[in-house]
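Visitor: Before we begin, could you walk me through a sheet and a helix of this structure?

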Amino acid sequence: MLERFYDAMATEIAGAGGTVEKFVGDAVMAVFGAPHAHEDHAERALHAALAMRRQLAELFEGTLQLRIGVNSGEVVVGAAREGSSFVTGDTVNVCARLEQNAKPGEILVGERTVALVRGAFEFDEPVRIDAKGKRDGVVCRQLTRALTLMRPRGLDGLRRSLVGRDTEIELLEATYRRVAHEGAPHLVTIMGDAGVGKSRLVRELWDRLGGERVEPLRRTGRCLSYGHAITYWALGEILKEHLGILESDPPESILGKLQPREILGLALGIEAQRELHPLAARDKLHEAWIEFLQELVAERPVVVLIEDIHWAEDPLLDLLERTGRDVQGPLLIVGTARPELLDGRPTWGGGRRNASLLWLQPLSEEEAGRLFDDALAEALPLELRNLVVERAEGNPLFVEELIGTLIDRGNLQQVGDSWQAKRLRSNLDIPDSVQAVLAARIDMLPSLEKAALQAASVVGRIFWVGPVRELVGGEPDFGLLEERDFIRRRQGSSMAGEQEYAIKHALTREVAYASLPKARRAQLHAGVADWLEHAGGGRDENAPLLAHHYAEAVRPDDADLAWGGEEAERERLQQKALEWLRRAAELALGRYELADAISLLQRALDLEEREQSRAELWRDIGHAHAMRYEGEAFWEAMQNSLQACTDRATCGETYSLLALHTAARSGMWQRRPDYALVSGWIDQALELSEPGTPARTRALIARAFWSPKEAGEAAGEAKRLAERLGDRELQSWALDALLARAYTHHRYEEAYELARERLALIAEISDPDHLVEAHESAIPTFMAVAEIDKARELARNADDLSRKLSPHHEVHGLSLQLEVEELAGGWERIAALTERTEQAVSANLDTPCSRNARSLLVCAVASVVMGDEQRAAELERAAEELGMEGYDFALESPRLRLALLRGNLQSVGEAVESAASHNLSFGLARLAARMDASAALRDRRRVEEDAPPLAQAGTYIEPFALRALGIVREDEKLVGQASDRLREIGLDWHADQTDALVEAASVPGGGSADQ
């Protein structure tokens, strides 16, 4: 009995293209898609399961029943050995759990398999079963029945449209009309890669033919990729459709319907006229088919569609060609095929007047975007649309399947008749259906060319012939890979003396790469790295590639598997990886590619085992985060560095960097850091660092920024140390601390001269971040001495520099222009920059920078000045929603300006009651706004206290102080003098506000002169 069982089950499995993995007792394990991939392996497995259940019932008349589990996923494939499995992995274990939980006669199917065969089978509702090692169990469904032999394309709920195929559909319609007019047959083959849109084009043709004045008879058949007695399957489907033959019809009834051409029963699996020799039966079948069609075209035009003729066997292909020659009448035969058809029939569709090929190319990016839009009928986020379009690379099926993946993952949700998008938080994986299609194509390659494509996928999307030949140890036919449309040759090469190719589709490269076992992958990466270092001479331009390949060769998760028993080689590769990762990170920092630098350093951290080296890596990571103004990440990295640090000097260096960046980069913090905490870091840096070292100099600069009372002495000592060290950047920072101190004490001329000295010094500094910061600190000093045009020039330069760096830098560069114009009263210029400001702030939301909110508020002031209160309110709301705490010194001046312009003196009064401070970045705007506010309130006590020290001749703030004094003293001459002075230095708008301020001060309740 067991022998009969084994034989019957093995026959059904083999008939569906599967491989019997092993028999154990009364159990059988079968694999589909391994060792050779099939794009429809899940469908094959389920059809086989149904056929096995059906065959068992017929053989044993219900005395035996099967329990079947079916699951899909990645497996480890090894060499077949007697009595053991050649596939292993979690997918296999889950499949076993499904089989064990199935009841007699049931087929339980894993959810991943269900998703792969969507629309081709019917299932019960999902259930969850217990499975060892799966805390939440396994979700599965019971298979009920097959709905079709092949999974239908497309997804339920998506609109289907024909995009980018206008020329092709017009050509097909013209071909049909010529056939109908001339009464002569024609065979047209629509050729293209899987998923490129052949079936969709034919559906459109079918719909249009239905609207013809004389509607043609349309019949469809499809070739199968597996099964028994399927040579003429497509013809059988046409006969069933035309004659109304049902699956339940007995053979006698079918033969009756076929009369007088019962030989056509061969296409339906019925052995008619058994006495004939097979060759004679074939000839009679062909003749009967020609007669059948001849009879149909005598009545009206006929269009026959044969899908997937790349799977057709030679007898059917011969018959199709003969049909196009021998039938006399209006017959259009449309075939769909993939390019591999031409491997076996290179002359197919060519050289004859009544045959043609119609090649379908991938859609353009614009067309693929339209397809995405049409499918969802929604204006969804551009980021999501662009991601799908980029990944699909013009393949309509891939567009649909990627949309399906987004739906399955919950990134797209249907709410009523519309779709809503959620933020994509991880990469968009290749859908299983797309992976199956591509893997099957790759598996059809000869072994050497398949190995070459896999090796090329390790090199990268762009690859050279040299390393691929070395890696596969042979001479693969790259011309064949070009013909099969896997690769294309590039003009020129980035490696001297090497032919350069590109893998045509990114998804193809990903599938080829994923098909390699992890150990083999690591070994190939090592081979590529060694070849590249030797061929390229270890040049810096190759550092990112060398870092990548050496690091991939010793991934911690795979290194034991790849290099077991080869410890010396593993150690060599690990040191190479660390060397090139650090060098590539250093170069990335120099180019201000900060995210790349952090990623490279983190990869090095994964490989580095020495504690002191780990401390240095964490410190470098922290420095890169500081450059990106990522405060929390900076602190975390520096604390990790200190925890790993074992060397006193290194710890002092780390504390000095931690203190300096915290004190100098206020834009990193949404809430200002604790004063005592940062002071403690400065103390630690001074204690641990040696005299005369850069670390001590940094610590002194940090103290000058952080502790105003000690700023003068600390900055002076830091400047002397930096000059002795010859360190231009530290000299620049020390000058920054000195000019900031002079500025906050209203010594504007001194601050201006220090700023000029610093600007002269930065000609010897290459760090673009430092250059932007130097401009940023210089601009307020130039404005303070009324050098407005020069300040504008510096702001434009800073903006140009900033745009080449990070989103945060761009906000700073743009805000400097806004701040100069705010001080100058250039509100029209600010209004022209408002849209760009909103975009820049939006791109910088991950950085808690006070300039985000401040820039929006300055633009709101411009909107009020320009008479657009609604726009101003929108900008104010956006600024307040950013929730900056402890940054009143930055936000007060635009808020005061808004209140003054609106006549809201209560808000003005509340603001000026808060303690005033005069910092470098926003101090001047704050002083000017406070002078105007105090004048409007007629707050004489405050004005008489604050204004006289500010009335320094030749400074920006002088006329504001004089005007405030004139208003509260009711001294018209002084007010007029202030207004004239404002106009002299180009502050016309501020001069024009004089009458408004005088009027506000005279309003009852607005304040009194003796307050």
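Guide: Helix 10 (residues 314–326) lies across strand 10 (186–191), strand 12 and strand 13, touching them in the sense of heavy atoms within 4.5 Å. This is a predicted model, in which local features need pLDDT of at least 70, side-chain atom pairs count only at pLDDT 80 or more, and totals for chains, interfaces and linings use all residues. Residues are numbered from 1 along each chain as its sequence is written, and side-chain values use heavy atoms, with hydrogens and water left out.

Visitor: Which strands stand at the edges of the open sheet of five strands?

Guide: The order is 11-12-13-10-14, with parallel pairing, where a pair needs at least two DSSP bridges and strands are DSSP runs (E, at least two residues; helices are H or I, at least four), numbered from the N terminus. Two strands each have a single partner, so one side of each is left without a neighbour in the sheet: strand 11 (217–222) and strand 14 (355–359).

Visitor: What is the bridge partner of Val302 in strand 13?

Guide: Strand 12 (residues 302–307) and strand 13 (residues 331–337) pair in the parallel sense over five bridges. Within strand 13, the partner of Val302 is Leu331.

Visitor: How many of the 17 residues of helix 25 are buried?

Guide: Helix 25 spans residues 611–627, and what covers its buried residues includes helix 23 (567–590) and helix 35 (807–824). Buried means under 20% relative accessible area, with exposed over 50% and partly exposed in between (1.4 Å probe, protein chains only). Helix 25 is largely enclosed by the rest of the structure because the number of its buried residues is 12.

Conventions:
Axes are lines fitted to C-alpha atoms, for helices over the stretch in contact, and angles run from 0 to 180 degrees between N-to-C directions. The expected span of a helix is 1.5 Å times one less than its number of residues.
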